Amino acid sequence: MTTCAEPPVLVLLPGMDGSGDLFAPLTAVLGDQCELLVMRYPPDQPLGYAALTQWVRAHLPEGRAFVLLGESFSGPLAISLAAQQPPGLCALVLCVSFTRNPRPGLWALRWLLPLLPFKALPAWLLSAVLLGRFANPALRQALAQALEPVHERVLRARAEAILRVNVDQELAQVDVPILYLRGDHDRLVPGRVSQRLTRIQPALQVVGIQAPHCLLQVAPAEAAAALEDFLRTVLAPSSATMADL
C-alpha cells in the first residue's frame with residue numbers, strides 16, 4: 001500500500017456516459033483545492049470493463065501519488081485497477097457504485113438490450129431514475145448533453161457490461177483505504193449494495209448523503225466534504241486537509 005506522503009492527484013472515473021462532463025459540479029466545489037484528472041472514455045468505442053481498465057491504467061499519473069474515484073458504472077473498473085496495485089495508488093473512492101449488477105432482476109431482460117434505444121429514452125424516465133425529486137431543468141440538460149456524443153452501441157455495451165460484471169474477488173484484494181459514497185435516495189443502486197461491500201471489505205467506510213443516483217451532481221458540496229474527511233485519514237501527515245492537496 002502506498003502512503004500518501006505527498007499531495008495526491010484525484011483521478012475521476014465517470015459514470016455510464018463516460019464523458020467526464022458530469023463531474024463539473026464537484027470540480028467547481030473543489031476548485032483549486034486539489035489536482036484533478038478527469039478521465040474521458042472514447043465515445044465511439046464499445047469497450048468492456050477489461051479493455052477500459054487497460055485504457056485507464058495507461059492514462060494514470062506517472063510518478064505521483066493518486067486517489068481513484070469510480071462513479072457508478074466506473075466503480076468495478078476502479079476496483080479492478082486498485083486490485084492490481086498500480087504504483088502511486090493510496091486510496092479508493094466508490095460513488096453510488098457496485099461490484100455486481102445492482103438490480104439482478106434485470107438479468108432476465110438482457111435479451112432486450114439490442115432493442116433498447118438508449119438515446120431515445122424519454123427524458124422524464126431518465127430524470128425519475130437518476131434524479132428523482134432532486135431534478136431541475138439544469139440537471140436534466142446536463143444529463144442530456146453528457147449522453148449526446150456517446151454512440152448508441154457504446155451505451156449498449158456498457159449496459160451489458162454492468163449486467164455481467166462481478167468484481168467481488170478484486171474488491172477483497174484491495175489493500176488501500178476505501179470510501180463508499182451512498183445516495184440515500186438512489187433508485188438505481190439500493191442501499192443493500194453498500195452493505196454487501198462492507199461484508200467483503202469490513203474496513204470500507206460508508207457515508208450516506210441525501211441525494212439520488214446523480215449524487216455528485218446534486219450534492220457536490222456534501223461529497224467534497226466527505227472526501228476531505230476521508231483523505232485527511234489517509235494522507236501523511238495525518239493533519240493534512242483537502243487544501244493541502
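**Aromatic pairs and cysteines in the predicted model**

Tyrosine 49 and phenylalanine 73 are both buried in this predicted model. A search of the whole structure returns two aromatic pairs, and tyrosine 49 and phenylalanine 73 form one that is stacked, with a centre-to-centre distance of 4.8 Å and 20 degrees between the planes. This pair links distant parts of the chain, the two residues being 24 residues apart. Tyrosine 49 belongs to helix H2, whereas phenylalanine 73 lies in the loop between strand S3 (66-71) and helix H3 (75-83).

In a search that finds two aromatic pairs, tyrosine 41 and tryptophan 55 also appear as a pair, with ring centres 5.9 Å apart. Their planes stand at 90 degrees, so the arrangement is edge-to-face. This pair, too, links distant parts of the chain: tyrosine 41 is in the loop between strand S2 (36-38) and helix H2 (49-58), tryptophan 55 is in helix H2, and 14 residues separate them. Tyrosine 41 has a relative accessibility of 4% and therefore counts as buried. Tryptophan 55 has a relative accessible area of 22% and is partly exposed, because the buried class requires a value under 20%.

The structure contains zero disulfides. Cysteine 214 takes part in no disulfide, and the nearest cysteine sulfur, that of cysteine 95, lies 9.5 Å away; a disulfide would require the two sulfur atoms to be within 2.5 Å. Cysteine 214 counts as buried, at 7% relative accessibility. Cysteine 34 also counts as buried, with a relative accessibility of 8%.

Notes: Residues numbered from 1 in each chain as written. Predicted model: local features only at pLDDT ≥ 70, side-chain atom pairs only at ≥ 80, totals over all residues. Heavy atoms only, no water. Buried < 20%, exposed > 50% of the residue type's maximum accessible area, 1.4 Å probe, protein only. Phe/Tyr/Trp six-rings, centres within 6.5 Å; stacked < 30°, edge-to-face > 60°. Helix = DSSP H or I, 4+ residues; strand = E, 2+ residues; numbered from the N terminus.
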